[in-house]
Amino acid sequence: MLAKSLNRIGVVLILLFFSISAAWAETNPIWSQASSLFKQASFDKTREAVDLLANSSDPQAPVALKALLEGQLYQHKQNDSLAIIVDSTTVDVSTGQTLSTVNKDSYRKIPVNNTLRKLLRSKIGGLSLSSPDPKVRLASATGLLETVTPEQLPQLQELLGKETDPQVKDALNLALQLAALNGSDQAEKLTALKALEGNLNPIIRNKLASLTSDADTEIAKAAQSTLRSIESKVILNGQLETLFFGLSLGSVLVLAAIGLAITFGVMGVINMAHGELIMLGAYTTYFIQRLMPNYLDYSLFLAIPAAFIVSGLMGILIERTVIRHLYGRPLETLLATFGISLILQQLVRTVVSPQNVPVSNPSWMSGSLEINSLLSLTYNRLYILAFSLLVFAILYFVLRNTSLGLQVRAVSQNRAMARAMGVRSARVDALTFGLGSGIAGVAGVALSQLTNVGPNLGQSYIIDSFMVVVFGGVGNLWGTLVAGLSLGVINKFLEPWAGAVLAKILVLVFIILFIQKRPRGLFPQKGRAAGD
Amino acid sequence: MLLNNKLKKTLLAAGTAAALAWSSLSLAADDTIKVGVLHSLSGTMAISETTLKDTMLMLIDEQNKKGGVLGKKLEAVVVDPASNWPLFAEKARDLIEKDKVAVTFGCWTSVSRKSVLPVFEEKNSLLFYPVQYEGEESSKNVFYTGAAPNQQAIPAVDYLMKDLEVKRWVLAGTDYVYPRTTNKILEAYLKSKGVDEKDIMINYTPFGHSDWQSIVADIKKFGGEGKKTAVVSTINGDANVPFYKELGNQGITAESIPVVAFSVGEEELSGIDTKPLVGHLAAWNYFMSVDNPANKEFIAKWQEYTKNPKRVTNDPMEAHVIGFNMWIKALEKAGTTDTDKVAEAMIGLEIPNLTGGTAKMLPNHHLTKPVLIGEIQENGQFEVVSKTPEVAGDAWSDFLPDSKPLVADWTGKETDGKPCGNYNTETKKCSGQKYE
């Protein structure tokens with residue numbers, strides 16, 4: 001009985017063996033070559049294997065290259081067969097068949113490095129200048145710029161004739177001019193130089209710079225004049241870029257300071273816990289993202305009102321329990337709120353974690369808006385600049401045009417008179433402080449997109465916030481806006497020649513000197529409200 | 001005033017007496033070998049150092065299960081210097097004087113090490129320091145189990161130069177001693193390799209810098225001039241995330257301008273969104289992803305000890321593992337816990353490291369270590385792209401004119417018979433240590 005079943009197993013095994021070897025025999029011999037190259041686990045050999053696969057006509061070759069690029073190509077540790085493993089499905093590369101139940105531990109991942117990734121992308125890209133997707137065509141055309149040779153001229157002209165997308169057309173045109181510059185025909189070179197005038201692509205600029213020392217004086221001269229026409233544009237773009245950087249840094253300062261402009265500026269409370277209210281807003285963003293991991297792109301829209309409510313309520317709590325007992329005693333307010341800031345920090349350390357938490361950027365906030373190849377504005381900064389202006393406008397409207405705003409201004413100008421007119425000053429105090437704190441929370445949402453979210457987030461912004469409010473003039477919203485933006489711009493124009501460390505110091509010294517000259521800041525309050 | 005002083009003296013005397021009584025009591029209570037663990041458990045450095053404290057406790061626990069050493073059990077004495085540099089010195093003094101520890105494992109930042117150095121030398125006690133540092137030091141009482149610059153920075157630059165054919169260099173760092181010294185060494189090294197002054201850009205930023213726009217734009221411009229460019233980053237801690245984010249947003253990828261970092265490891269990556277970092281590089285002597293039985297076993301033990309199957313391991317942890325195992329071996333060899341005898345026994349010891357090689361303690365109190373370059377993956381781990389054989393740690397860099405003639409040898413072979421950590425081969429003098 002036993003012998004019989006053993007026999008049967010033997011037959012099955014033999015049959016299995018034959019069918020496997022038959023399957024091997026059918027596949028293209030390049031696969032066994034490639035796997036023996038991959039097996040040697042050196043990047044040089046892997047490169048050879050990539051070349052081999054790229055030059056083969058096997059329909060599975062591009063699939064394998066793509067998997068290798070994405071780190072999904074594995075090799076079996078014993079029989080060397082190649083497989084693509086994504087999550088829990090394993091696909092044999094040479095046949096394209098899904099393998100059932102394999103142990104992932106018996107496979108070794110084929111490592112790639114940056115050089116290989118670049119090679120892979122160009123091998124995959126080489127096949128796609130004729131791709132139906134204009135994005136792929138554009139990427140391959142721009143990739144071509146670095147390697148274009150005169151031999152490719154006819155091929156490029158043919159492609160250009162068929163091209164319909166304007167952006168791809170531009171890129172192909174550039175490649176064409178570069179191919180001409182790389183060639184040997186003088187007339188062609190000169191026309192190419194003429195056509196390239198004012199072009200901002202850095203690859204072109206480097207090529208021109210090398211041509212200025214060309215043996216042919218005519219070409220060297222033409223290259224120089226083209227280069228000059230480019231240079232002035234480069235400087236202008238550089239200035240515009242610095243201005244944008246300055247405005248965006250300024251917008252962050254405005255956002256961080258604008259809540260303080262209300263609590264400190266309008267109410268006169270020195271709130272050292274302002275930074276921690278910003279931090280709470282940032283943590284709210286983190287928790288909202290945790291709650292809706294599948295809707296990261298929209299999470300910020302929910303985080304903004306949530307952060308406003310969380311920080312606002314915390315602000316009202318602080319005002320009702322601590323600050324209202326200390327009105328008119330600035331030193332004690334300062335110490336008490338400093339204590340609160342430490343408590344809030346430690347609270348977050350104990351409850352959440354002492355480590356930073358990851359907040360992801362929604363996809364619409366990553367990347368940059370390319371104006372030309374020298375000037376591109378990053379989306380996250382652009383949105384935050386617009387967002388800070390929006391917050392400013394809303395706040396300005398609330399203070400100017402609503403009854404709450406009217407009461408806030410009345411109480412801050414003359415508390416006794418406002419009470420005599422029937423304003424419930426205690427309620428107004430709480431609401432004003434809540435408004436200022438809520439705005440700090442909203443600033444936290446924006447900051448979570450730029451910097452680390454951790455217990456120390458607030459500390460790094462508190463000094464900057466006070467600086468902006470004092471510089472702009474206490475009690476003046478416009479002052480905060482102008483001061484924040486101008487400090488940002490000054491900082492960024494100083495940075496290139498002074499370095500980041502010195503630029504910050506210089507700005508601080510500048511503010512100290514300025515306050516000596518004008519103690520009430522840029523836009524001092526006038527009249528009786530000034531309180532002197 | 002007089003009364004006040006008298007009162008103080010009396011109190012002090014009473015305090016000392018109490019402390020003495022307590023320590024003699026604890027000595028009498030149990031005959032163990034005490035091991036000091038001097039890592040910050042609170043304050044800014046707690047994030048990194050708490051892990052090392054846990055590592056030490058695990059190692060001591062494990063050794064005790066094997067029956068201890070020299071017939072005695074080990075006892076950990078954990079103190080918290082709270083990321084406060086002068087407090088490090090005070091706590092170190094307490095460990096040596098009051099707790100009578102045989103050895104101390106501790107410190108992370110260079111400034112904390114500088115703060116405790118005089119204490120360990122005065123009291124003649126041993127310190128194992130597990131973190132990569134700027135070099136330019138060799139003390140009789142310290143064993144440096146982390147990397148010296150020639151075991152991390154220089155091999156990383158070599159890799160970029162040879163394998164990626166980098167021609168232009170951005171040296172970006174946070175403004176303090178480790179990046180400043182490392183960049184000075186790298187600048188001298190690059191120049192010795194024929195890199196032009198124009199092709200090196202050096203940039204320092206304050207701690208926790210978050211507005212990287214103009215610096216990244218400068219790097220982009222610097223890299224757009226037709227030569228392959230790389231960034232060598234000694235940027236510390238928190239500032240890394242906004243830096244990599246800005247690189248991603250301005251369209252700089254690891255393929256166009258790779259960044260190689262010396263302070264970004266598994267532990268740092270576990271708390272952040274790694275998407276913008278994928279493909280960038282880091283240089284260490286150990287990666288958690290290294291496929292090796294010893295490493296697998298260590299990771300399994302660590303995750304079991306911390307009861308967290310996702311807990312990561314990192315380079316300074318491996319340094320403590322090597323340091324601890326070596327110290328045990330030295331005790332067995334010397335047969336005593338006497339500082340001088342153990343220090344002598346340490347030199348020349350060989351211990352397998354966790355990446356399949358061997359760590360050897362050199363006469364200058366540094367280790368031999370392999371240098372691994374890894375690419376950051378989306379899961380927060382590193383894919384090793386280059387590995388060198390073991391490199392001998394050099395206490396005094398050969399690329400700085402001041403330290404070029406200096407050698408450290410605590411056996412006295414290279415220093416004319418007198419053991420010295422700071423021997424000038426030109427003037428034939430041992431100038432002792434400098435503490436700044």
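Me: In the hairpin of strand 1 of chain A and strand 2 of chain A, which residue takes a positive phi?

Reply: It is Asp80(A), with phi near 65°, in a hairpin that has five residues between the strands. This is a predicted model, in which local features need pLDDT of at least 70 and side-chain atom pairs count only at pLDDT 80 or more, while totals for chains, interfaces and linings use all residues. Residues are numbered from 1 along each chain as its sequence is written, with chains lettered from A and ligands numbered from 1 in the order in which they are written.

Me: What makes strand 1 of chain A and strand 2 of chain A a pair?

Reply: Two strands pair if DSSP finds at least two bridges between them. Three bridges join strand 1 (residues 73-76) to strand 2 (residues 82-86) of chain A, so the condition is met, and the two run antiparallel. Leu73(A) has Ile84(A) in strand 2 as its bridge partner. Both elements are DSSP runs numbered from the N terminus (strands: E, at least two residues; helices: H or I, at least four).

Me: How many bridges link strand 2 of chain A to strand 3 of chain A?

Reply: Four bridges do, again in the antiparallel sense, with strand 3 covering residues 89-92. Ile85(A) is bridged to Thr90(A). This hairpin has two residues between the strands, and Asp87(A) takes a positive phi near 50° there.

Me: Why is Thr378(A) called buried?

Reply: A residue is buried if 20 or more other C-beta atoms, placed from the backbone, lie within 10 Å of its own, exposed if 12 or fewer, and partly exposed in between. Thr378(A) has 25 such neighbours and therefore counts as buried. The residue lies in strand 7 (residues 376-378) of chain A. Beyond four places in sequence, its contacts (C-beta atoms within 7 Å, placed from the backbone) are Ser368(A), Asn249(B) and Gln250(B).

Me: Why are Leu70(B) and Lys307(B) placed in their exposure classes?

Reply: Leu70(B) has 13 other C-beta atoms within 10 Å and is therefore partly exposed, whereas Lys307(B) has 7 and is therefore exposed. Leu70(B) is in the loop between helix 2 and strand 2 (73-79) of chain B, and Lys307(B) is in the loop between helix 10 and helix 11 (315-334) of chain B. Neither is glycine, yet phi is near 55° for Leu70(B) and near 55° for Lys307(B).

Me: How do you know that the span of helix 13 of chain A agrees with its number of residues?

Reply: The expected span is 1.5 Å times one less than the number of residues. For the 26 residues of helix 13 (residues 296-321) of chain A this gives 38 Å, and the end C-alpha atoms are 36 Å apart, which agrees. A kink of about 30° lies at Ala303(A), shortly before Pro305(A); the bend is the angle between axes fitted to the seven residues ending at a residue and the seven starting there.

Me: What puts the buried residues of helix 10 of chain B on the same side?

Reply: The buried residues of helix 10 of chain B are Asn295(B), Phe298(B) and Trp302(B). They cover an arc of only 65° around the axis, which is why they share one side; the arc is that of the directions from the helix axis to the C-beta atoms. The face turned away carries exposed residues, including Lys296(B) and Glu304(B).

Definitions and conventions. Two residues are in contact if their C-beta atoms, placed from the backbone, lie within 7 Å.
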